[in-house]
Amino acid sequence: MNRDLDRRKQFTRRAVILAGGQALLLSGLVARLYQLQVIDAEAYEVLAEENRINMRLLPPPRGLILDRFGNGVAVNRQNYRLVLVSEQTESVADTLDRLSAIVELTDRDISRVNRETSRKRDFVPVTVREDLTWSEVARVEVNAPELPGVMIEVGESRLYPYGDLAAHVTGYVGAVSEAELTGDPLLELPGFRTGKNGAERIFEPVLRGSAGTQHVEVNAYGRIIREIARQEGLPGNDLTLTIDIGLQAFAARRLQDEAGAVIVMDVTNGDVLALVSSPSFDPNVFTYGLSGDLWQTLLNDPKTPLINKAVAGQYPPGSTYKMMVALAGLQEGLIDPNQTVWCPGHYTLGNHRFHCWKRGGHGHMNMVDAIKRSCDVYFYETARKLGAERMAEMSNRFGLGEVSGIELPGEREGLIPTPAWKLAVMGESWQGGETLIAGIGQGYVLTTPLQLAVMAARLGNGQHKVVPRLARPAGGPSIPEFEPLGVDPFAMDLVREGMNRVVNDPQGGTAYRARIEDEGMTMAGKTGTAQVRRITAADRAANLSIEEIPWIERDHALFVAYAPVENPRYAIAVVVEHGGGGSRAAAPVARDILREAQRRQSARFQETPDADPVETPVVSPEL
């Protein structure tokens with residue numbers, strides 16, 4: 001009896017304990033459910049929504065670069081690219097292995113992706129491949145379930161439809177470098193490009209635009225299911241250049257394989273109509289990174305295709321500088337235009353003899369004839385009377401020895417030397433012979449092709465310090481206000497008459513063979529031949545032909561001109577590196593380009609009824 005009672009009590013006690021435990025557990029569960037579903041409901045709802053909906057930045061369309069007639073010289077095209085988000089993959093290496101079996105990935109691609117994923121935050125997409133074909137896009141999409149974290153994105157890429165014809169003007173875009181990362185999330189977007197050179201670099205703030213946003217629903221793997229909301233960014237502004245791509249192409253083809261530069265300017269408003277640096281390169285290869293082999297080829301090319309010779313090449317101007325000496329002499333009243341200087345073929349200063357390019361001498365030379373025949377002795381004498389400072393002052397009025405401010409990177413200053421400059425830079429006193437050498441554009445004198453074009457434009461204009469410009473102002477053509485040159489009109493007329501005779505006088509004009517013979521078209525100019533090494537007595541005795549001299553030791557050939565003679569509209573500077581004589585190598589190039597410039601003007605405004613139509617170069621079909 002007692003044993004049954006004890007068992008009943010023990011069972012009852014255990015049942016109470018078990019029931020109490022169940023009640024306690026149930027209470028805790030209810031409390032937790034209450035906390036999750038009631039107290040913290042709003043917070044978890046937000047978190048859940050954020051997991052389901054992602055906000056992404058949308059890169060803005062980059063502004064187009066157009067030539068003066070609206071032809072696109074830097075445009076955008078649709079681009080399919082493969083991107084990878086490392087935090088959504090089980091293993092970046094395994095994912096890349098699987099991708100390699102679907103689309104072609106080089107060792108360089110894989111190495112770059114590994115490098116970028118290790119540097120960037122895990123949620124930032126990294127570009128695996130650009131420019132996927134439709135077939136590649138389809139293969140990736142079919143295998144999407146086995147490729148978590150891998151996505152196809154549709155964007156835009158930069159295209160330069162004229163290839164190397166305007167590479168030094170447009171520049172190119174490239175991947176954002178570490179130094180360019182400023183915290184702006186737009187710069188971290190996969191495939192985003194910024195301007196690296198040329199107008200792309202200078203006008204980057206204008207062309208870039210601002211980012212838009214996209215809200216998308218994603219699944220557990222981060223793959224986009226649908227777009228919920230979208231706000232487009234502000235596209236970059238288009239940029240209209242002063243360049244005429246047709247004339248640019250003509251000038252580039254005319255230089256052919258020569259190393260050098262051509263600049264054509266409008267003397268009235270400073271518009272740069274053509275700016276060619278040769279040889280050039282295809283800017284399209286820089287858009288997604290060029291190979292190491294191609295990069296080394298470009299770097300090691302002795303004709304330096306990567307350097308914009310038009311603004312960064314510095315050359316002795318040679319005899320194209322003589323107009324500055326003549327103007328300075330006339331302006332200062334130190335030379336009488338009718339007074340002659342005897343040229344026996346050399347000029348003696350102290351115990352040193354300075355030679356004229358014509359061994360037998362020119363005889364009696366006045367100023368106009370000295371320009372026409374490019375007599376060195378006349379300008380030795382004029383330079384001696386002037387001194388280096390006065391020549392420098394006149395040179396500066398015409399834009400020599402200073403940057404023009406054109407909207408391109410890397411412009412060099414050139415050098416118009418003075419005694420003060422030499423003492424400050426070299427710690428040496430100026431020698432009298434250096435004044436004579438400077439008077440014929442040699443010695444320390446250095447100019448860029450652009451500066452020579454500016455000089456020619458100011459000579460053609462005759463009144464104003466016209467300044468080159470590459471961007472066409474909004475609202476259409478305009479003529480800025482320029483500072484006056486402050487040169488005596490009588491002196492200017494005499495110098496311009498000398499330039500006219502250089503080209504159009506059959507009696508000794510150094511560029512007569514390069515004159516324009518088309519009816520209604522004319523030009524005036526000046527030849528220049530710049531030595532790149534000192535000519536010794538042995539060289540003079542050997543009298544080597546240009547073919548017998550190594551290319552790198554041949555003289556530079558130069559020519560500056562404006563056209564037409566009576567009412568100048570165009571100015572040009574041509575530099576052919578190691579081209580030999582200016583009359584032989586540079587003047588014919590300038591003639592053909594100035595003739596084309598005048599022909600295009602006549603055709604465009606139908607001034608000549610039977611004029612050929614203005615041509616725009618055909619875009620390469622493979623681009």
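How many residues lie between strand 18 and strand 19 in the hairpin they form? Select both strands in this predicted model: six residues separate them.

**Strand 19 and its partners**

Start with strand 18, residues 556–563, which runs antiparallel to strand 19 and is joined to it by seven bridges. Pick Leu558 and look across to Val575 of strand 19, which stands opposite. Next add strand 11, residues 260–266; seven bridges join strand 11 to strand 19, and this pairing is antiparallel too. Here the bridge partner of Met265 is Ala571.

Now colour strand 19, residues 570–576, by accessibility. Seven of its seven residues are buried, so the strand is largely enclosed by the rest of the structure. In a regular strand the side chains alternate between the two faces of the sheet. On one side, select Tyr570, Ile572, Val574 and Val576; on the other, Ala571, Ala573 and Val575. Both sets are buried, and both faces are covered.

**The nonpolar cores**

Select Val262, Leu275, Met367, Phe398 and Leu459. Within the largest nonpolar core, which has 130 residues, these five touch the most other members. Centre the view on Leu275 and show its contacts, leaving aside neighbours within four places in sequence: they include Val169, Ile243, Val262, Ile263, Ile406 and Leu408, as well as Gln248 and Asn308. A second core, separate from this one, has 18 residues, among them Val137, Val140, Leu147 and Ile152.

**Helix 15**

Move to residues 388–397, which make up helix 15. Its buried residues are Ala388, Met391, Ala392, Met394, Ser395 and Arg397. What do they pack against? Show helix 12 (322–331), helix 14 (376–386), helix 16 (419–426), helix 17 (432–439) and helix 18 (449–461); the buried residues of helix 15 pack against these five helices. Then step to Gly399, just after helix 15, where phi is positive, about 90°.

**Aromatic rings**

Across the whole structure there are 10 aromatic pairs. For one of them, select Tyr347 and Tyr380: the ring centres are 5.9 Å apart and the planes are at 50°, so this pair is tilted. Tyr347 belongs to strand 14 (residues 346–349) and Tyr380 to helix 14, so the pair links parts of the chain 33 residues apart. Tyr347 has 12% relative accessibility and counts as buried; Tyr380, at 3%, is also buried.

Next select Tyr172, Phe281, Phe286 and Trp295, which ring pairs link into a cluster.

Two arginines over ring faces are worth a stop. Arg515 lies over the face of Tyr512, 3.9 Å from the ring centre. Arg68 lies over the face of Phe69, at 5.8 Å from the ring centre.

**Cysteines**

Finish with the cysteine sulfurs. How many disulfides does the structure hold? The count is zero. Cys356 is in no disulfide, and the nearest cysteine sulfur to it, that of Cys343, is 4.0 Å away. Cys375 is likewise in no disulfide; its nearest cysteine sulfur is also that of Cys343, 3.6 Å away. A disulfide would need the two sulfur atoms within 2.5 Å. Cys356 is buried at 3% relative accessibility, and Cys375 is buried at 1%.

Key:
Residues are numbered from 1 along each chain as its sequence is written. This is a predicted model: local features need pLDDT of at least 70, side-chain atom pairs count only at pLDDT 80 or more; totals for chains, interfaces and linings use all residues. Side-chain values use heavy atoms; hydrogens and water are left out. Buried means under 20% relative accessible area, exposed over 50%, partly exposed in between (1.4 Å probe, protein chains only). Helices (H or I, at least four residues) and strands (E, at least two) are DSSP runs, numbered from the N terminus. Contact means heavy atoms within 4.5 Å. Two strands pair if DSSP finds at least two bridges between them. A nonpolar core is a set of buried Ala, Val, Leu, Ile, Met, Phe, Trp, Tyr and Cys residues joined through side-chain atoms within 4.5 Å. Rings of Phe, Tyr and Trp (its six-membered ring) pair if their centres lie within 6.5 Å; planes under 30 degrees apart count as stacked, over 60 as edge-to-face and the rest as tilted. A charge sits over a ring if NZ of Lys or CZ of Arg is within 6 Å of the ring centre and within 35 degrees of the ring normal.
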